[in-house]
Amino acid sequence: MFKKILIANRGDIAVRILRACKEMGIKTVAVHSLVDESLMHVKLADESVCIGPNNARDSYLNVSAIISAAELTGADAIHPGVGFLSENGKFAEVVALHGMTFIGPKPEHIAIMGNKITAKKTMEELGIPVVDGSNGDVKSIDEATNFANEAGYPVLFKAVSGGGGKGMKIANSPNEVENAFKMARSEAEANFGNCSVYLERYLVNPRHIEIQIIADFYGNVIHLGERDCSIQRNHQKLMEESPSIALPREKRDEIAEKVSIAIKKLGYVGVGTLEFLYEKGEFFFMEMNTRLQVEHCVSEEITGIDIVKEQIKIAAGEKLSIKQSDIHFCGHAIEFRINAEHSETFMPSPGKIVELYFPGGNGVRIDSHVYRNYEVPQYYDSLIAKIIIHAPNREECLAKAQCAFDELIVDGVFTTADLHRKLIKNQDIISGNFDIHWLENNLRRL
Ligand code: ADP
């Protein structure tokens, strides 16, 4: 097992990883930017190193600074967390070249899944159903129009190297193709330094359902069921739950089984998530995230499996200690993302948290790095806490969530808590009657 892990991340996920390391008796190294000196995990880690200025490009994305910090402190592995360098195959290679372990999949699998076209091709060949789309990137308006005329409108342009919902544009009719194509390309170029875009049939009322998998070096693969992440704004998830109220158990088992077989054939190692759109009983693969996900907690709650610990053990070469038949899905879990942003405009709201009280009690889990008088910086993701509720069933889960939100106090910055307070009382949410567009279509009415 590793003796010392460097956590190349910040925020709640850095605390989450630190906790797993501590429980496993592994020493930790925190790295941080200048402004992040007083982050929770920096205080809790055995050692810490400042890796640069506030801009993520100069710190959390600064490969040489991170490698130097790891060498200086004698870390034998690096956990990339989520975002930042977690899906950067080159970084994984550099870590290995320096004689350390990258806690994540093999670089070649990161590369395949990092390109959405090769990801879809690979998964299709492995027997996974995918969304109809252009076979490669679309290079001209004519090519785009031809595809759209054949597939039928609406169509969606997506960035080949996309992430975080950026670089996506819909064309509802032939006269919208040119504009959508140009806008998607320029957004893709600006965000990912790669202007390539491809086309997909745009599904009108799907749910976002994803399957969590864990695989070891010895061909053992397990799945932890599904997460329904349909409550989104701007293609960004806000609330995630498991199990999905829309998915019959047999359908879940069927797709999860297909996924496990595909992952085994691929020889993938580590944790990962396959994201699907689900419409009228059919699954359509969109992409695979080759890392831990923000919403991993809901799967942990209903299976009792510590995904981060499993991830670390697998990276250290251990065999999966759990078989699929050992996994029992217990109750219902919902995660609410508390972002420091305005709950109506979703504008970021950095600043000092002057008052803070987190809810508690049976079945209430808080994953967070913030504390009273903590200053939310303007430079990074606005997630300040995740409230994860676990109860025997969905109804009790929502009732428990109401209590939790009655107790929660965050003053000094705007947060998405007010939106969640409305959501959990909304009839469509209560009855499970929503798709990926529901939140945007209903925001005004909430
Ligand atoms: P990213 O990597 O940027 O998050 P994804 O491919 O995961 O991009 O898509 C993000 C979200 O965009 C999905 O959860 C879904 O809400 C929406 N989306 C993506 N592809 C389609 C599609 N073909 N039809 C309808 N909605 C889509």
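Leaving aside its neighbours within four places in sequence, Y371 is in contact (heavy atoms within 4.5 Å) with S38, M40, K43, I353 and L356. One of these partners, S38, also offers its backbone oxygen, which the side chain of Y371 reaches at 2.5 Å. That is a polar contact, meaning a pair of N or O atoms within 3.5 Å; within protein, one must be able to donate a hydrogen and the other to accept it, and residues adjacent in sequence count only if both atoms are side-chain atoms. You can find Y371 in the loop between β17 (364-368) and β18 (375-376). Strands are DSSP runs of E with at least two residues, helices are runs of H or I with at least four, and both are numbered from the N terminus.

A word on what you are looking at: this is a predicted model, in which local features need pLDDT of at least 70 and side-chain atom pairs count only at pLDDT 80 or more, while totals for chains, interfaces and linings use all residues. Residues are numbered from 1 along each chain as its sequence is written, and side-chain values use heavy atoms, with hydrogens and water left out.

Now step back to the whole chain. An automatic or database domain assignment gives domain 1 (4-88), domain 2 (132-201) and domain 3 (207-442). The C-alpha centres of domain 1 and domain 2 lie 36 Å apart.

Next, turn to the ligand. Both domain 2 (132-201) and domain 3 (207-442) give residues to the shell around the ligand, so it lies between them. In total, 22 residues surround the ligand (each with a heavy atom within 4 Å of it), and the closest are K116, G165, H208, Q232 and E287. An oxygen atom of the ligand is 2.7 Å from an N or O atom in the side chain of Q232. Two nitrogen contacts can be added: a polar side-chain atom of K158 lies 2.9 Å from a nitrogen atom of the ligand, and a polar side-chain atom of E200 lies 2.9 Å from a nitrogen atom of the ligand. How much of the ligand's accessible area does the protein cover? The protein covers 96% of the 550 Å² that the ligand has on its own, by the Shrake-Rupley method with a 1.4 Å probe.

Finally, look for the rings. The structure holds ten aromatic pairs, where rings of Phe, Tyr and Trp (its six-membered ring) pair if their centres lie within 6.5 Å; planes under 30 degrees apart count as stacked, over 60 as edge-to-face and the rest as tilted. The rings of F91 and F102 have centres 6.0 Å apart and planes at 85°, so this pair is edge-to-face.
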